[in-house]
Amino acid sequence: MYWILLLTSLLPWHPHATAQFLEPDCGYMSPEALQNEEHQAHISESPWMAYLHKSGELVCGGTLVNHRFILTAAHCIREDENLTVRLGEFNSLTSIDCNGSDCLPPSEDFEIDVAFRHGGYSRTNRIHDIGLLRLAKSVEYKVHIKPICLITNTTLQPKIERLHRLVATGWGRSPSEAANHILKSIRVTRVNWGVCSKTYWVDRRRDQICVSHESGVSCSGDSGGPMGQAIRLDGRVLFVQVGIVSYGNAECLSPSVFTNVMEHIDWIMAALSTTHI
């Protein structure tokens with residue numbers, strides 16, 4: 001079992017102008033993954049995906065952000081659940097994942113020693129739905145286990161907010177599926193908050209993003225997973241995380257609500273700095 005800490009960011013974190021990302025070597029996607037337009041993710045598309053499970057059963061998704069931390073949703077962190085983090089997963093039914101003759105090394109499981117949940121989150125208001133899991137040991141980056149990009153230079157926020165066509169990934173199942181074991185990627189579109197406000201009767205907030213998507217393609221089990229896009233920056237094409245799957249319609253209908261990652265970068269950096277715990 002691990003400690004669950006409630007953390008509210010009190011002081012803003014001011015990055016150096018040259019600190020574009022949390023991890024400098026992040027967000028790499030293969031050319032095949034960049035060209036993928038299918039619902040099923042390419043085998044090399046998302047090496048940062050974390051499969052959060054309880055005795056092998058999927059609970060939530062998440063993303064590897066550095067050698068020790070997994071970013072996920074606050075509602076995925078519960079006092080009555082002892083989660084394990086699996087990295088390098090693609091198909092949860094196979095021990096070795098292959099695409100033809102191209103095979104990945106086995107996935108790896110990691111225990112959690114501390115979980116951080118945003119102090120402003122509650123299951124009734126569903127705001128600040130963000131959490132971090134600190135792993136008990138450091139992760140060695142490999143071909144199938146790499147971090148996603150988190151932008152720490154807040155001057156880039158306008159550029160990120162102009163991204164309207166985005167990609168969400170997860171192992172969530174649709175209403176027609178008994179289970180889903182293969183990682184999916186779906187195309188979503190950022191829309192005006194009024195669409196979500198009308199659907200869920202919630203006030204507009206800068207720390208949340210409203211998106212539309214094809215209804216029924218993915219749903220239960222996607223919580224905590226990433227939404228982002230590949231962007232070109234400093235001559236490189238990198239996948240940047242923009243949101244975290246928060247909540248949606250019980251029948252998996254559009255629209256859905258995502259936590260805005262850049263609006264919580266101060267909180268993320270505050271949690272990452274608590275290495276003394």
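**Exercise 1. Find which residues of H3 are buried, and work out how they sit around the helix axis.**

Solution. Start with the list: Trp193, Cys196 and Tyr200 are the buried residues to look at in H3. Next, check their directions: they span an arc of only 65° around the axis, so they are on the same side of H3. A general rule fits in here: an α-helix has 3.6 residues a turn, so residues three or four places apart point the same way. Now ask what lies over that side. The cover over the buried residues of H3 includes E13, E15 and E16. Keep in mind that you're looking at a predicted model throughout.

**Exercise 2. Place H3 against the strands, then inspect what happens at its ends.**

Solution. First, find the helix: H3 takes in residues 193–200 and lies across E13, E15 (236–247) and E16. Its direction makes an angle of about 85° with E13. Second, go to the N-terminal end, where asparagine 192 acts as the cap. One of its side-chain oxygens is 2.7 Å from the backbone nitrogen of glycine 194. Third, step off the other way: tryptophan 201 follows H3 and has a positive phi, near 55°.

**Exercise 3. Trace the barrel and give the order of its strands.**

Solution. Go round strand by strand: E11, E12, E13, E16, E15, E14, and the barrel of six strands closes. The pairing is antiparallel. On average, neighbouring strands of this sheet are turned by 45° against each other, with direction ignored. In general, strands of a sheet pair through backbone hydrogen bonds, either parallel or antiparallel.

Now zoom in on one pair. E13 (residues 208–213) and E16 (residues 256–260) run antiparallel and are joined by four bridges. Within this pair, cysteine 210 has valine 257 of E16 standing opposite.

Just before E16, there's something else to spot. The loop between E15 and E16 holds proline 255, and the peptide bond that joins serine 254 to proline 255 is cis, with omega at about 5°.

**Exercise 4. Follow the salt bridges of arginine 86, and say how buried or exposed each partner is.**

Solution. As background, side chains of opposite charge can pair when their charged atoms come close. The whole structure has 10 salt bridges.

Step one: arginine 86 meets glutamate 89 in a salt bridge, N to O at 3.2 Å. Buried means under 20% relative accessible area, so arginine 86, at 13%, counts as buried. Glutamate 89 is buried too, at 7%.

Step two: arginine 86 also forms a salt bridge with aspartate 109, and here the closest N and O atoms are 3.0 Å apart. Arginine 86 lies in E5 (residues 84–87) and aspartate 109 in E8 (residues 108–110), so this pair ties together parts 23 residues apart in sequence. Aspartate 109 is partly exposed, with a relative accessible area of 37%.

Step three: look for a network. Arg68, Asp113 and Arg134 are joined into one by salt bridges that share partners.

**Exercise 5. Do the accessibility check for the salt bridge between arginine 78 and aspartate 80.**

Solution. The two side chains meet at 3.2 Å, N to O. Arginine 78 has a relative accessible area of 32%, so it is partly exposed. Aspartate 80 reaches 54%, and exposed means over 50%.

**Exercise 6. Locate serine 55 and arginine 126, and describe their phi values.**

Solution. Here's the general background: most residues other than glycine have a negative phi. Serine 55 isn't a glycine, yet its phi is positive, about 55°. You'll find serine 55 in the loop between E2 (49–54) and E3 (57–64), and it is exposed, at 80% relative accessible area. Arginine 126 also has a positive phi, near 60°. Its place is the loop between E9 (112–118) and E10 (131–135), and with a relative accessible area of 29% arginine 126 is partly exposed.

**Exercise 7. Step back and describe the whole protein.**

Solution. Count the elements: there are four helices and 16 strands. Then take burial: 54% of the 277 residues count as buried. Finally, turn to contacts with a separation of 6 or more: 70% of these are between residues 24 or more positions apart.

Definitions and conventions
Residues numbered from 1 in each chain as written. Heavy atoms only, no water. Pairing = 2+ DSSP bridges. Helix = DSSP H or I, 4+ residues; strand = E, 2+ residues; numbered from the N terminus. Axes fitted to C-alpha atoms, helices over the stretch in contact; angles between N-to-C directions. Contact = heavy atoms within 4.5 Å. Salt bridge = Lys/Arg side-chain N within 4 Å of Asp/Glu carboxyl O. Buried < 20%, exposed > 50% of the residue type's maximum accessible area, 1.4 Å probe, protein only. Arc of directions from axis to C-beta. Polar contact = N/O pair within 3.5 Å; in protein donor to acceptor, adjacent residues only side chain to side chain.
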